[in-house]
Amino acid sequence: MKTRPSFIAAIACVATSVIITNARAATDDDDFRRGLSAFDTGDYATALESWRPLAERGEPRSQAGIGFMYHRGLGVAADDREAAVWLERAAEHGQAEGQLMLGILYYYGSGVSQSYVRAYAWCELAEINGNGDATICRDAALESMPDADREKAFRLVVELRERQRPRS
């Protein structure tokens, strides 16, 4: 059987791509952990320096971390609008902590227009994605909204869940 050079080249490209992707994933994870370690010790400048490039490339844990930093004013000026931008990016990728924090911002109307419907939806997704603390936010939002808005909230959960972009 003859092997075509173009077929061999294609296999080599795929293999190289897999190796590079795995190396980048390991590097991204290492960079995230470096940022987390800096964050945990109060070195917010280093955390931000480690996380920003990752977040800009779509790494959801880093996006949530930066969102939290803006929300609390850790190493940056407190800015709930900027926090909401980063948290929404993380939430759209299915990152449960980002979803919970975004839901809380919507609950209180901090940096976003106040919406119990959106608060409920994001907190429900956070719970679905494994954040046990999200139950409190979800239930509070549900109790705060008028009965007429509950159907909207339930539909929004479905819509957001279908729209979530898992990290590739």
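The accessible surface of the protein comes to about 9700 Å², and 53% of that area belongs to carbon and sulfur atoms. These values, like the others here, come from a predicted model. Of the 168 residues in the protein, 40% count as buried.

As for the fold, the protein is built from helices, eight of them, with zero strands. Read from the N terminus, the order of elements is simply α-α-α-α-α-α-α-α. How much of the contact map comes from residues 24 or more positions apart? Among contacts in the protein with a separation of 6 or more, such pairs account for 51%.

Then there are the cysteines. The structure holds one disulfide, formed by Cys-123 and Cys-137, with the two sulfur atoms sitting 2.0 Å apart. That spacing falls inside the 2.5 Å cut-off used to call a disulfide, so the pair qualifies. The bridge ties together distant parts of the chain: Cys-123 belongs to helix H6 (residues 116–128), while Cys-137 belongs to helix H7 (residues 134–144), and the two cysteines are 14 residues apart. Which hand does the disulfide have? The torsion about the S-S bond of Cys-123 and Cys-137 is about 60°, so the disulfide is right-handed.

Are the two cysteines, Cys-123 and Cys-137, buried or exposed? Both Cys-123 and Cys-137 turn out to be buried, which means that each has under 20% relative accessible area. Put together, the picture is of an eight-helix protein without strands, in which a right-handed disulfide links helix H6 to helix H7 through two buried cysteines.

Terms used:
Residues are numbered from 1 along each chain as its sequence is written. This is a predicted model: local features need pLDDT of at least 70, side-chain atom pairs count only at pLDDT 80 or more; totals for chains, interfaces and linings use all residues. Side-chain values use heavy atoms; hydrogens and water are left out. Helices (H or I, at least four residues) and strands (E, at least two) are DSSP runs, numbered from the N terminus. Buried means under 20% relative accessible area, exposed over 50%, partly exposed in between (1.4 Å probe, protein chains only). Contact means heavy atoms within 4.5 Å. Accessible areas come from the Shrake-Rupley method with a 1.4 Å probe; for residues, only the protein chains shown count as cover.
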